[in-house]
Amino acid sequence: MQMGRGRTSRMRRRKLCKSSGSRGVNESYKSEFIELKKWLKDRRFEDPNLTPARFPGTGRGLMSKTSLQVGQMIVSLPESCLLTTDTVIRSYLGTYVTKWKPPPSPLLALCSFLVSEKHAGDQSPWKPYLETLPKTYTCPVCLEPKVVNLLPRPLRAKAQEQRAHVQEFFTSSRDFFSSLQPLFSEAVESIFTYSAFLWAWCTVNTRAVYLRHRQLGCFSAEPDTCALAPYLDLLNHSPGVQVKAAFNEETRCYEIIAASSCRKHEEVFICYGPHDNHRLLLEYGFVSTRNPHACVYVSRDVLVKYLPSTDKQMNKKIAILKDHGFIENLTFGWDGPSWRLLTALKLLCLEAGEFTCWKKVLLGEIISDTNEKTSLDITRKICCYFIEESNAMLQKVSHMKDKEVALVNQLTLVETLWTEELKILQASAAILSNLQTTFT
């Protein structure tokens with residue numbers, strides 16, 4: 001069941017919640033959560049249903065204090081608890097934001113506010129919330145370059161693009177940071193450092209919920225759809241779980257309603273969206289095991305790796321695939337090679353006398369038994385190539401974990417990703433073996 005509004009680009013699409021089956025250890029006694037609950041109570045929020053806890057496998061999350069039924073309100077967080085661009089405009093930064101030209105983006109306003117409030121320490125009215133935020137993040141932009149180089153090639157390229165984007169965003173924002181100097185006794189360069197900015201960017205990118213605001217003239221045209229939701233953002237992701245999540249204009253609360261039941265003392269989940277593990281790691285900094293949406297991407301160079309170099313029509317075939325959108329998003333999944341991958345390879349495997357039938361291939365028609373068999377053989381070779389690569393990378397990561405003790409957590413994350421991809425490829429290999437028996 002889709003929620004009312006999804007999260008665009010960097011925002012979470014939060015769907016539904018369900019129990020995990022493993023009991024957590026209650027952490028409501030910890031000082032940061034005691035202070036957070038006091039802070040939330042002052043803003044008219046008390047939660048009778050959930051409590052902070054630590055769970056095996058997922059870490060810190062929220063545990064049900066009672067059994068939750070379908071249709072039950074799980075969380076109703078008042079607007080006064082949300083951190084939005086309205087919060088920034090009403091703050092000491094508001095004058096600087098509204099006067100700055102060209103208008104800053106909503107994201108820059110939120111990041112600047114987070115950096116400034118974190119710097120304020122005990123003086124920040126948002127301290128109880130800030131104390132519950134991660135001190136560091138594991139998005140690829142935060143990983144060491146030598147760790148990023150261990151990622152699968154398609155994800156590695158996106159990770160490098162992400163790093164370049166954030167660095168450019170920071171560099172282009174320096175003049176705005178300098179304009180804030182009257183607010184601080186220290187030099188702004190020592191406050192708005194790249195590491196501080198990166199922490200703020202990751203906080204918004206990984207934890208924001210979707211909340212559309214009216215477009216204000218003091219901001220750039222970039223959609224203003226981010227809101228940080230204290231306490232609610234402790235909910236972890238699980239693919240396939242169900243909740244209804246949205247901002248209620250009548251109650252002025254961000255509400256999460258159960259669409260499936262949850263037993264007492266079990267972890268309550270939401271779903272950030274039907275994302276594969278590359279997307280989850282890139283945007284949120286984690287990998288989901290047994291993720292039904294996980295897949296292994298086939299790049300163009302691997303696609304043609306086992307095709308005959310003597311095929312004079314190869315360039316035309318590649319051009320056709322590109323023109324019809326069949327050169328990207330070619331994957332192996334838990335249920336084997338995708339239809340898009342098989343279709344692309346069937347077209348690439350057309351013999352000279354069959355080339356005029358390329359339109360039929362794209363429509364899903366069978367051209368000949370030879371074409372079917374040849375394309376399956378190539379698909380199997382590609383799958384085996386990826387299996388060998390996955391095993392080699394897992395061995396490399398294992399050796400690095402022995403030598404790079406300081407990077408063990410980052411390397412374990414990469415190891416988990418490669419392990420999941422290997423499992424997917426092994427499942428695909430078994431399916432392909434069964435398919436090939438029909439042509440032998």
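This report covers helix 1 and a three-stranded sheet in a predicted model.

## Helix 1: length and buried side

Helix 1 takes in residues 31-42. Its twelve residues, at 1.5 Å each, should span 16 Å, and the end C-alpha atoms lie 17 Å apart, so the two values agree.

Phe 33, Leu 36, Trp 39 and Leu 40 are the buried residues of helix 1. They sit on the same side of the helix because their arc around the axis is only 120°. An α-helix has 3.6 residues a turn, so residues three or four places apart point the same way.

## Helix 1: surroundings

The cover over the buried residues of helix 1 includes strand 2 (50-55), strand 3 (59-64), strand 4 (73-78) and helix 5 (127-130). Ser 31, Lys 41 and Asp 42, on the other side of helix 1, are exposed. Just after helix 1 comes Arg 44, with a positive phi of about 70°.

## The sheet of strands 11, 12 and 13

Strands 11, 12 and 13 form an open antiparallel sheet, in the order 11-12-13. Strand 11 (296-297) and strand 13 (336-337) are the edge strands, each pairing on one side only.

Two bridges join strand 12 (residues 331-333) to strand 13 in the antiparallel sense. Opposite Gly 336 of strand 13 stands Gly 333.

## Helices on the sheet

Helix 16 (residues 369-403) lies across strand 11, strand 12 and strand 13, and runs at about 75° to strand 12. Helix 17 (residues 408-436) also packs on the sheet and touches strand 11, strand 12 and strand 13. The direction of helix 17 makes about 90° with that of strand 12.

Definitions and conventions:
Residues numbered from 1 in each chain as written. Predicted model: local features only at pLDDT ≥ 70, side-chain atom pairs only at ≥ 80, totals over all residues. Heavy atoms only, no water. Pairing = 2+ DSSP bridges. Helix = DSSP H or I, 4+ residues; strand = E, 2+ residues; numbered from the N terminus. Contact = heavy atoms within 4.5 Å. Axes fitted to C-alpha atoms, helices over the stretch in contact; angles between N-to-C directions. Expected span 1.5 Å × (residues − 1). Buried < 20%, exposed > 50% of the residue type's maximum accessible area, 1.4 Å probe, protein only. Arc of directions from axis to C-beta.
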